[in-house]
Amino acid sequence: MKIFVLYAFIILVSLGLSHGSSLVGTLGNAYGQEEWKQEYADACAKTQNAMLLTINELKEHIERCDTLQERISELDGLEGGTARKVYGKRLKMCRDLYEFTLNYKEKKE
Amino acid sequence: MKKTFFLAGLFVLIIGIAFAQTGVKKRRPLPFEYGRVVIDNYSKRYRLAPVVFDHWLHRAKFTCRLCHVDIGFAMKANETDIRAVDNKNGYYCGSCHNGKAAFSSCRDDFGEKNFGTCTICHSEGKDVKKKYDFREFVKGWPKERLGNGVDWEKAERLGEIKPVDFIEGISIKRDKFVDPPDFELKAKVLGMPDIIFSHQKHTVWNGCEVCHPEIFVGIKKGMTKYSMVELYEGKYCGVCHNNVAFPLLDCQRCHTENIQ
């Protein structure tokens, strides 16, 4: 009887742990997804006044875009594929504009 | 005899010229056709008619930047690679055509019973009655000679149109816009007025990313040399001013020494 209770306890605990970990995983994924979108919004928020950024600030923004591009290229699945395509293009446009402005500023100096 | 040869030669010449004209002359689109784009990434493959997209209806409601930057539509037809599943997931057309802001696009339950909804967009070669009639839609708006026959800039100034530039959840919050200075472009033809290019007039609907660096790569004024031939080929200003914005035939809209 004691052994049966012990086995039942172990099974319940392991079920709980596995459920818990998957829940954490799901939250983690959702959070992770929001995280890259937020990073995109922050990194590309300066496109309208890129001309006011300094050379160093522009370089920082380009670096952020490059790091984020790696993250976006890892998105997979049916919806991830679309997000990768759409946000990949949006990010590229933003990064290219920063680079364009950087080249302009560097040539001007 | 000589007269017969002469007449026969003249006849051949006239016929030749007539066919040569039809061979090279491109029909100018009617006002409601101007800016029309036919999209066929996958439609025919799935036995659907290609999508007919009317710029006039969409540009009256949204800025260029919103669709070509925030939503991610390419500047050339069929370069976006739009799939039905993309629209269904809320991207591209599905950003607005989601059953809330506008009718749904490419839903799973579309079938023979509600096929009519598909044909609102998938309408090339079909006699589909559209919700908006061009003439009714633009009635009373400031007129222009060419293109859609509408002075879009003036229409916005008069409050006839209020193009939306931000969609919650899709657009990102950007800092306040700082307009780069306007500049002059020298005309190459003697007697042709120079162009005063207004950055402000272009950025208000386009932002910066639509043009730089994809369309205008040069970082220094005068570095990129372009001709009207290239513009007519759809390069530089011709990316928009050959298809959607007022056409290149409207010379005095650009070639003016004062900002128009």
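A salt bridge is counted where a side-chain nitrogen of Lys or Arg lies within 4 Å of a carboxyl oxygen of Asp or Glu. In this predicted model, the side chains of B:Arg36 and B:Asp54 satisfy that rule, with an N to O distance of 3.1 Å. B:Arg36 belongs to strand 1 (residues 36–39) of chain B and B:Asp54 to strand 2 (residues 51–54) of chain B, so the bridge ties together parts 18 residues apart in sequence. The two partners differ in burial class. B:Arg36 is partly exposed, at 38% relative accessibility. B:Asp54 is buried, with a relative accessible area of 10%.

Further pairs were found within chain B. B:Arg253 and B:Glu144 form a salt bridge at 2.8 Å, N to O. This pair links distant parts of the chain, 109 residues apart. B:Arg253 sits in the segment after helix 9 (228–232) of chain B, and B:Glu144 in the loop between helix 6 (134–137) and helix 7 (152–157) of chain B. Shared partners join salt bridges into one network of A:Arg90, B:Arg65, B:Asp70, B:Asp165, B:Arg174 and B:Glu209. B:Arg27 and B:Glu33 also meet through their side chains in a salt bridge, at 3.1 Å from N to O. B:Arg27 is exposed, its relative accessible area being 57%. Over all chains, the count comes to 25 salt bridges.

The interface of chain B and chain A was examined next. Chain B contributes 37 residues to the contact and chain A 26 residues. About 2700 Å² is buried between the two chains, 59% of it on carbon and sulfur atoms. Four salt bridges cross the interface. B:Asp86 forms a salt bridge with A:Lys85, where the closest N and O atoms are 2.7 Å apart. Eleven residue pairs are in polar contact across the interface, both residues at pLDDT 80 or more. On the side of chain B that touches chain A, helix 3 (64–70) and helix 4 (84–88) of chain B each supply at least two residues. Helix 3 of chain B gives the largest share, four residues. By class, this side of chain B has 17 nonpolar, nine polar and eleven charged residues.

Confidence was assessed for chain A. Its mean pLDDT is 81, and 70% of its residues reach 70 or more. Among the elements of chain A, helix 2 (residues 55–73) has the highest mean pLDDT, 97, and helix 1 (residues 2–43) the lowest, 62. Over residues 16–30 of chain A the pLDDT is below 50. Beyond near neighbours in sequence, this stretch of chain A has zero contacts in the model. Where pLDDT is low, predicted coordinates should not be read in detail.

Note on methods. Residues numbered from 1 in each chain as written. Chains lettered and ligands numbered in written order. Heavy atoms only, no water. Contact = heavy atoms within 4.5 Å. Buried area = accessible area lost by both parts, 1.4 Å probe. Polar contact = N/O pair within 3.5 Å; in protein donor to acceptor, adjacent residues only side chain to side chain. Nonpolar A, V, L, I, M, F, W, Y, C, P; charged D, E, K, R; others polar. pLDDT = per-residue confidence, 0-100. Buried < 20%, exposed > 50% of the residue type's maximum accessible area, 1.4 Å probe, protein only.
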